[in-house]
Amino acid sequence: METDRYQQSLNELSQREHLRRLEPFGGGVDFASNDYLRLSCNPTIREKLLEFLIENPQLGATGSRHISGNSEFFDESEAFIAKTLGVHSTLFFGSGYLANLGVIGSLGGPDTTFFSDERNHASLIDGFRLAKGHLTIFSHNDMEHLEALLKGSQCKHRVIVTESLFSMDGDQAPLADLCGLAREYGATLVLDEAHATGTLGSQGLGLSHEYSSEHLISIHTCGKALGGYGAFVCCRRSHMREFLINRARSFIFTTAPPPLLIAQARFALDEITSNPIHLRNLHDRIERSQRLFEGIGLPHSGSAILPVIVGSSKRALVLAESLRSQGLLVKAIRYPSVPEGAARLRITLSSAHTDEELQALTWALEKGQLDAPR
Ligand SMILES: Cc1ncc(COP(=O)(O)O)c(C=O)c1O
């Protein structure tokens, strides 16, 4: 009998320590989620959502925005988000993954070259697969390399694509330099603000908040620091929103998100802009952990995402399991989320972590680093 090829594929993953299993989350201190401001369980947002549901009985959007799913509430909410972020217009997508597919996919064409940071997220990479055009990879955050590639490119249209706060490394893209290069070479700059939204920039509105360049398109997810689900794209050029409405396949060929999700994003943005304490607390926790990490000689990214790179997948799994047994929930991140041989623990901080929890994590890491087999 033919070996079941699906089973074979699973066996291969297992042999390389790359097999993933869905495990129930919880039972310890959360150092793994992207709930950086703990808004996923914020009581004020919850109250507002309950009221919203009572006043708005429509649960589902019932169709794509082009067919039956549009409403004044969508348009008005997008205008509200645009005003909050100080941009020309915004467009909501079902998720960050869909927004990245839609934006990147629609910007392609036979005369287009994408310049992508080598550490970009899978959703951006899948966008390139969908887009027509050429793809060039520049070394991580290396502006000299990017400029050399831009200079050498004969293509009519250039699109630079990067994350603003890198999801697996916790470091930031040099946005001022990127904007300068985009201007100089007439390129569009696509900035994935998934992890910076709520955690960086003035009022937590992302790194792009201080930049007004028309060439910049930023993508903000609502499932991470905003504690909900979905994403919005910020357009700074007058016709960009209309372009996406007409060209982004993951906007056109899918049901619009339920109104409740849009309301959640609005309430979450309200919460972070009217209560700066969330962002202040997060940055206080980042500084506190920085001092603790320095004490044990561990590098610190300076953001809410702290990678502890350990190399092999096996070692990352053993360390994560050891932390879990001590009540600390930290995920081992393995290939293909990160390159082979660069497996790591990905520790995320939140505004709610206590001094004691940060101390417990630091001790456990110090001990784990020493104890775990190499
Ligand atoms: C950098 C980055 N971009 C985009 C996404 C996708 O966002 P979403 O979870 O809203 O689909 C993620 C999620 O993991 C991410 O880390």
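Two residues are in contact if their C-beta atoms, placed from the backbone, lie within 7 Å. The exercises below use a predicted model.

**Exercise 1. Phenylalanine 138**

Task: Determine whether phenylalanine 138 is buried or exposed, and find which residues it touches beyond four places in sequence.

Solution:
1. Phenylalanine 138 belongs to strand E4.
2. Around phenylalanine 138 there are 21 other C-beta atoms within 10 Å. The cut-off for buried is 20 or more, so phenylalanine 138 is buried.
3. With residues up to four places away in sequence left out, phenylalanine 138 touches Phe115, Asp117, Glu118, His145, Leu146 and Leu149.
4. Arginine 21 lies 117 residues away from phenylalanine 138 along the chain, and their C-alpha atoms are separated by 33 Å.

**Exercise 2. Domains and their contact**

Task: State how the protein is divided into domains and describe the side of domain 1 that touches domain 2.

Solution:
1. Domain 1 consists of 17-36 + 304-371, and domain 2 of 43-274.
2. The C-alpha centres of domain 1 and domain 2 are 28 Å apart.
3. On contact, eleven residues of domain 1 meet eleven residues of domain 2.
4. Strand E9 (residues 305-311) supplies three residues, the largest share of the side of domain 1 that touches domain 2.
5. Sorted by class, that side of domain 1 holds seven nonpolar, two polar and two charged residues.

**Exercise 3. The largest nonpolar core**

Task: Find which residues of the largest nonpolar core touch the most other members, and which helix contributes the largest share.

Solution:
1. The core has 90 residues, and those touching the most other members are Val103, Ile104, Ile160, Val233 and Ala268.
2. Helix H10 (residues 259-274) gives this core eight residues, the largest share.
3. Domain 1 and domain 2 each provide at least three residues of this core.
4. Take valine 103 as a case: apart from its neighbours within four places in sequence, valine 103 is in contact with Gly127, Val190, Ile217, Ile219, Val233, Leu244 and Ala248.

**Exercise 4. Two sides of helix H7**

Task: For helix H7 (residues 175-184), list the buried residues and explain why they line one face of the helix.

Solution:
1. The buried residues in H7 are Leu175, Leu178, Leu181 and Ala182.
2. Viewed down the axis of H7, these buried residues fall within an arc of 125°, so they line one face of the helix.
3. The face turned away from the buried side of H7 carries the exposed residues Ala176 and Glu184.
4. The cover over the buried residues of H7 includes H6, strand E5 (157-163) and strand E6 (188-192).
5. Glycine 186 follows H7 and has a positive phi, near 60°.

**Exercise 5. Positive phi outside glycine**

Task: Place threonine 62 and asparagine 141 in the chain, and decide how exposed threonine 62 and asparagine 141 are.

Solution:
1. Threonine 62 is not a glycine, yet its phi is positive, near 75°.
2. Threonine 62 sits in the loop between helix H2 (43-55) and helix H3 (72-85).
3. With 13 other C-beta atoms within 10 Å, threonine 62 is partly exposed.
4. Asparagine 141 also is not a glycine, and its phi is positive at about 55°.
5. The loop holding asparagine 141 runs between strand E4 (134-138) and helix H6 (143-152).
6. Asparagine 141 has 19 C-beta neighbours inside 10 Å and so counts as partly exposed.

**Exercise 6. Two loop residues**

Task: Decide whether proline 336 is buried or exposed, and do likewise for leucine 205.

Solution:
1. Proline 336 is in the loop between strand E11 (331-333) and strand E12 (343-348).
2. The peptide bond that joins tyrosine 335 to proline 336 is cis, its omega being near 5°.
3. Proline 336 has 9 C-beta neighbours inside 10 Å and therefore counts as exposed.
4. Leucine 205 is in the loop between E6 and strand E7 (216-221).
5. Since leucine 205 has 25 other C-beta atoms within 10 Å, leucine 205 is buried.
6. Leucine 205 and isoleucine 272 are 67 residues apart along the chain, with 8.5 Å between their C-alpha atoms.

**Exercise 7. The ligand shell**

Task: Find how many residues surround the ligand and how they divide by class.

Solution:
1. The ligand is surrounded by 14 residues, of which Ser95, Gly96, Tyr97, His121 and Ala194 are the closest.
2. Helix H4 (residues 96-107) gives the most to this shell, with three residues.
3. By class, the shell contains three nonpolar, nine polar and two charged residues.

How values were computed
Residues are numbered from 1 along each chain as its sequence is written. This is a predicted model: local features need pLDDT of at least 70, side-chain atom pairs count only at pLDDT 80 or more; totals for chains, interfaces and linings use all residues. A residue is near a molecule or strand if its C-beta atom, placed from the backbone, lies within 6 Å of it. Helices (H or I, at least four residues) and strands (E, at least two) are DSSP runs, numbered from the N terminus. Ala, Val, Leu, Ile, Met, Phe, Trp, Tyr, Cys and Pro count as nonpolar, Asp, Glu, Lys and Arg as charged, and the others, Gly among them, as polar. A residue is buried if 20 or more other C-beta atoms lie within 10 Å of its own, exposed if 12 or fewer, and partly exposed in between; C-beta atoms are placed from the backbone. A nonpolar core is a set of buried Ala, Val, Leu, Ile, Met, Phe, Trp, Tyr and Cys residues joined through C-beta atoms within 7 Å. Domain bounds come from an automatic or database domain assignment. The arc is that of the directions from the helix axis to the C-beta atoms.
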